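I opened this one with a cup of coffee and a short list of things to look up. Here are my notes, in the order in which I went through the sheets and helices.

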Amino acid sequence: MNMTWRWYGEGNDNITLDHIRQIPGVMGIVWSLHDKVAGEVWEMERIQEVADQITAKGFSTAVVESVNVHDDIKIGLPTRDKYIDIYIDTIRKLATVGVKVICYNFMPVFDWTRTELYKELPDGSNALFYEKAAITDNPREMVDRILKGAGQFTMPGWEPERLAKLDELFAAYADVTEDKLFSNLQYFLERIIPVCEEVDIKMAIHPDDPAWPIFGLPRIIRSRDTIRRFLDLVDSPYNGLTFCTGSLGTNPENDLPAMIREFHDRIYFAHIRNVKVFDNGDFIEVSHRGRDGSVDVAEVVKAYHENGYTGYVRPDHGRHLWGEEKNCRPGYGLYDRAMGIMYLLGVWDSLDNVKGAK
Ligand code: DNO
């Protein structure tokens, strides 16, 4: 298990590489050019600049999250080839600074979706919350509320410029069924995977979050069967997964440890976090500790350990603690993610000892 931390870049929030150095066990930084909107060219100088900042502090640059996929590719418009060419250019550039895994998603319009950013938990902390009843037929209202709630912080996948054109986006996706989305994904993969094979970068798709269609838009990476279908689209070891327990864990029918046991050799990046799912299907993010939520995090770590997982891992979202929500990006504070790392490493180390390793 290769522990990493998602960092938003210098001056982008209050968390610096020097803070991250003090969290035990973190070997790599998960990074991106966060100001880039999907389809934009990534300049080599900018890539090099961030990679140098990361390596100067002794971290690896191996994981980028995300290089976002332009909607024209997801919709299957004729302009998609132009955007795929730009994507390939970015893959090639990233390979030159030691990138080994690119995390991306194929969710129409919205990346991860919540209806409230700071829902209070019984212990007085607060966290991201999803209320099923709040997903109405008025996505504009929800988008405005979430963007306003995030205040000065941008949220990954929630680019205000793109979401300003919500009606146009919904109209463009009108004919995109689940099958069509799968075939557009296949088209994209058939073009990029040969390049990944050449430059040795693994593509790791992020599952849909939550793990069901929202606002009538198809969402296709959400269960054991849809993941199997995805992997078969292009059966190459370079076509793989970001296995996010928080996203897939929103649906209690997903048996996460069983899925890890089945797919471990195509999982290159593990997002580990916990959610508490209520009887009505609403859910809230909770601490990483298994018994605090619906995801048996210890069992998840055990499934990776059993299979000798050597891929990248990061604690995913955390709660906002001790008032830090005033200064941090929703879901990406310092304290709960750092505690999450200690929980994950604690479980892992205890399993190592059971096996008699160091
Ligand atoms: C949420 C993240 C996602 C993820 C993208 C990958 O916080 O896990 O935004 O980065 O879906 O493209």
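**The open sheet**

I started at one residue pair: K119 stands opposite A127 in β6. I took strands (E, at least two residues) and helices (H or I, at least four residues) as DSSP runs, numbered from the N terminus. Two strands pair if DSSP finds at least two bridges between them.

Before going further I noted that this is a predicted model, where local features need pLDDT of at least 70, side-chain atom pairs count only at pLDDT 80 or more, and totals for chains, interfaces and linings use all residues. Residues are numbered from 1 along each chain as its sequence is written, and side-chain values use heavy atoms, with hydrogens and water left out.

Next I looked up the strands around that pair. β5 and strand β6 (residues 126-130) are antiparallel and paired over three bridges. They belong to an open sheet of four strands, ordered β5-β6-β11-β10, with antiparallel pairing. Which strands stand at the edges? I found β5 (116-120) and β10 (274-277) there, each with a single partner strand, so one side of each has no neighbour in the sheet. From one strand to the next, the twist averages 40°; angles here run from 0 to 180 degrees between N-to-C directions, with axes as lines fitted to C-alpha atoms, for helices over the stretch in contact.

**The barrel**

I then followed the eight strands that close into a barrel, in the order β1-β2-β3-β4-β7-β8-β9-β12, with parallel pairing. Here the twist averages 30° from one strand to the next. I checked one pair: strand β2 (residues 28-31) and strand β3 (residues 60-65) run parallel and are joined by three bridges. In that pair, G28 stands opposite S60 in β3.

Helix α8 (residues 178-199) packs on the sheet and touches β4 (101-104), β7 (202-205) and β8 (239-244), where contact means heavy atoms within 4.5 Å. The direction of α8 makes about 150° with that of β7. I also saw α11 lying across β8 and β9 (267-272), at about 160° to β8.

**Two helices side by side**

How do the axes of α11 and α12 cross? Helix α11 (residues 256-263) and helix α12 (residues 297-306) have axes that come within 9 Å and cross at roughly 15°. That makes α11 roughly parallel to α12, a label for angles under 35 degrees (over 145 is roughly antiparallel, 65 to 115 roughly perpendicular, and the rest oblique). For the residues, I noted that L256, P257, I260 and R261 in α11 meet E299, V300, A303, Y304 and E306 in α12.
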